[in-house]
Amino acid sequence: MKQLVISIIGYAVQRNADPLKLCKLAGINNKDLDQKDFRPINEEQFEQLWFNAERLIDDPIIGLHLGESLVPTALGIV
């Protein structure tokens, strides 16, 4: 889950979204994403992250574009 969250934020940043604003809108504290003390986000935060990333970069099919840009093994899918 952590890698997916970081990938969504990274993808949005590549499309000029402000990562601090995105995290704030999703209710995610930047320290929650720290490598050492990662605290998993809840389902509502994940939904807000996805929704706001889509809105901030104006990409209604963000899932498709995000999937195209990632290697599935990096997410632990395969």
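Helices are taken here as DSSP runs of H or I with at least four residues, numbered from the N terminus. Under this assignment, asparagine 52 is found in helix α3. The structure described is a predicted model, and the results below proceed from the overall fold to the packing of the helices and then to individual residues.

The protein chain contains four helices and zero strands. Read along the sequence, these elements give the pattern α-α-α-α. The chain has 78 residues, of which 29% are buried. Among contacts in the protein chain with a separation of 6 or more, 62% join residues 24 or more positions apart.

Helix α1 spans residues 2-14 and helix α2 spans residues 19-26; the two pack at an angle of about 135°, and their axes are 9 Å apart. Because angles over 145 degrees would count as roughly antiparallel and those from 65 to 115 as roughly perpendicular, this arrangement makes α1 oblique to α2. The crossing of α1 past α2 is right-handed. On the α1 side the contact is made by Ile9, Ala12 and Val13, and on the α2 side by Pro19, Leu22 and Cys23. The residues of this contact comprise six nonpolar, no polar and no charged.

Isoleucine 9, one of the α1 residues in the contact with α2, has a relative accessibility of 10% and therefore counts as buried. Isoleucine 9 is also linked in space to a distant part of the sequence: its C-alpha atom lies 7.4 Å from that of alanine 53, although the two residues are 44 residues apart in sequence. Alanine 53 itself takes part in the contact between α3 and α4.

Helix α1 also packs against helix α4. The axes of α1 and α4 come within 11 Å and cross at roughly 105°, which makes α1 roughly perpendicular to α4. Leu4, Ser7, Ile8 and Tyr11 of α1 meet Ile62, His65, Leu66 and Ser69 of α4 in this contact. Its residues divide into five nonpolar, three polar and no charged.

A further contact joins helix α3, residues 43-57, to helix α4, residues 62-69. The axes of these two helices come within 10 Å and cross at roughly 90°, so that α3 and α4 are roughly perpendicular to each other. The contributors are Trp50, Ala53, Glu54 and Ile57 from α3 and Ile62, Gly63 and Leu66 from α4. Five of the residues in this contact are nonpolar, one is polar and one is charged. Ile62 and Leu66 of α4 appear in the contact with α3 and also in the contact with α1.

Within α3, several residues illustrate how this helix is placed relative to the remainder of the chain. Asparagine 52 has a relative accessibility of 3% and therefore counts as buried. Beyond residues up to four places away in sequence, asparagine 52 touches Leu22, Leu25 and Ala26. The side chain of asparagine 52 additionally makes a polar contact, at 3.1 Å, with the side chain of arginine 55. Glutamine 45, which also lies in helix α3, counts as buried because its relative accessibility is 15%. When neighbours within four places in sequence are left aside, glutamine 45 is in contact with Ala26, Gly27 and Ile28. Ala26 is thus touched by asparagine 52 and is likewise in contact with glutamine 45. Phenylalanine 51, another residue of α3, has a relative accessibility of 46% and so counts as partly exposed. The C-alpha atom of phenylalanine 51 is separated by 9.7 Å from that of leucine 22, a residue 29 positions away along the chain.

Two residues in loops have positive phi values without being glycine. Asparagine 16, in the loop between α1 and α2, has a positive phi of about 70°. With a relative accessible area of 75%, asparagine 16 is exposed. Aspartate 58 is found in the loop between α3 and α4, and its phi is near 55°. Aspartate 58 is exposed as well, with a relative accessible area of 66%.

How values were computed: Residues are numbered from 1 along each chain as its sequence is written. This is a predicted model: local features need pLDDT of at least 70, side-chain atom pairs count only at pLDDT 80 or more; totals for chains, interfaces and linings use all residues. Side-chain values use heavy atoms; hydrogens and water are left out. Axes are lines fitted to C-alpha atoms, for helices over the stretch in contact, and angles run from 0 to 180 degrees between N-to-C directions. Angles under 35 degrees count as roughly parallel, over 145 as roughly antiparallel, 65 to 115 as roughly perpendicular and the rest as oblique. A crossing is left-handed if the near helix is turned anticlockwise from the far one by less than a right angle, and right-handed if clockwise. Contact means heavy atoms within 4.5 Å. Ala, Val, Leu, Ile, Met, Phe, Trp, Tyr, Cys and Pro count as nonpolar, Asp, Glu, Lys and Arg as charged, and the others, Gly among them, as polar. Buried means under 20% relative accessible area, exposed over 50%, partly exposed in between (1.4 Å probe, protein chains only). A polar contact is a pair of N or O atoms within 3.5 Å; within protein, one must be able to donate a hydrogen and the other to accept it, and residues adjacent in sequence count only if both atoms are side-chain atoms.
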